[in-house]
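Colleague: Could you take me on a close look at one part of this model? I'd like to see how one strand is paired and what lies around that pairing.

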Amino acid sequence: MKQPLCVKCRKTMSCHHTGINVIEIARSVGPYAIFSGDLFACTGCGYEVVPQYADLPIAMHHHTNFEATLHDVIYGNIRFLVSVERGAEIPENLKEAVEIMERAVQSATSGV
Ligand SMILES: [Zn+2]
């Protein structure tokens, strides 16, 4: 796969972090699956995207270890992202952890 292109600054994006956890939130289920993806950042403006995931999830909601894995991802000291299906919302019990992570990410990238 070619490197993603930042439409805003016309620069290629480089892989910034491999194996970042992405929690998918489905409208009907809530937390549905956890995937590992690669985070790319624009070399010009710092804008970030996850253009691709692994084919298989780390965990799915019907797996017996899903809640434990979800807890480890959210409360471990590892960066994660949340993908929210259209019409879905982040569950109340996860909102605080997600907001803390987003603030940490924004402060880490604000100097780019
Ligand atoms: Zn850019």
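Modeller: Happy to! Let's start at N21, whose bridge partner in β5 is F80. Keep in mind that this is a predicted model. The N21–F80 bridge belongs to a parallel pairing of β1 with strand β5, residues 80-84, which runs over five bridges.

β1 has a second pairing to look at. Strand β1, residues 13-26, also pairs with strand β2, residues 30-42, this time in the antiparallel sense and over eleven bridges. A hairpin of three residues connects β1 to β2, and A26 faces G30 of β2 across the pair. So that you can place these strands in the chain: there are five strands and two helices, and from the N terminus on their order is β-β-β-β-α-β-α.

Now follow β2 onward. β2 pairs with strand β3, residues 48-53, in the antiparallel sense over four bridges. Within that pairing, F40 has V49 of β3 as its bridge partner. Five residues lie between β2 and β3 in their hairpin, and G46 in the turn has a positive phi of about 85 degrees.

What packs around these strands? The largest nonpolar core has ten residues: V22, I23, Y32, A33, I34, F35, I58, A59, L70 and I74. Two or more of these core residues come from each of β1, β2 and α1, the last spanning 66-75. β2 gives the largest share, four residues. As a general point on strands, side chains alternate between the two faces of the sheet when the strand is regular.

A59 is a good core member to click on next. Leaving aside residues up to four places away in sequence, A59 touches A33, I34, N65, F66 and T69. Among these neighbours, A33 and I34 are also members of the core.

Let me zoom out before you go back to the viewer. Of the contacts between residues at least 6 apart in sequence, 55% join residues at least 24 apart. Buried residues make up 15% of the 112 in the chain. The C-alpha atoms fill a box of roughly 45 × 30 × 30 Å along the principal axes. The radius of gyration is 15 Å, which agrees with the value near 13 Å for a compact globule, because that value is the one for 112 residues.

Definitions and conventions:
Residues numbered from 1 in each chain as written. Predicted model: local features only at pLDDT ≥ 70, side-chain atom pairs only at ≥ 80, totals over all residues. Rg over C-alpha atoms; globule rule 2.2 N^0.38 Å. Buried ≥ 20, exposed ≤ 12 C-beta atoms within 10 Å, placed from the backbone. Contact = placed C-beta atoms within 7 Å. Pairing = 2+ DSSP bridges. Core = buried A, V, L, I, M, F, W, Y, C linked by C-beta atoms within 7 Å.
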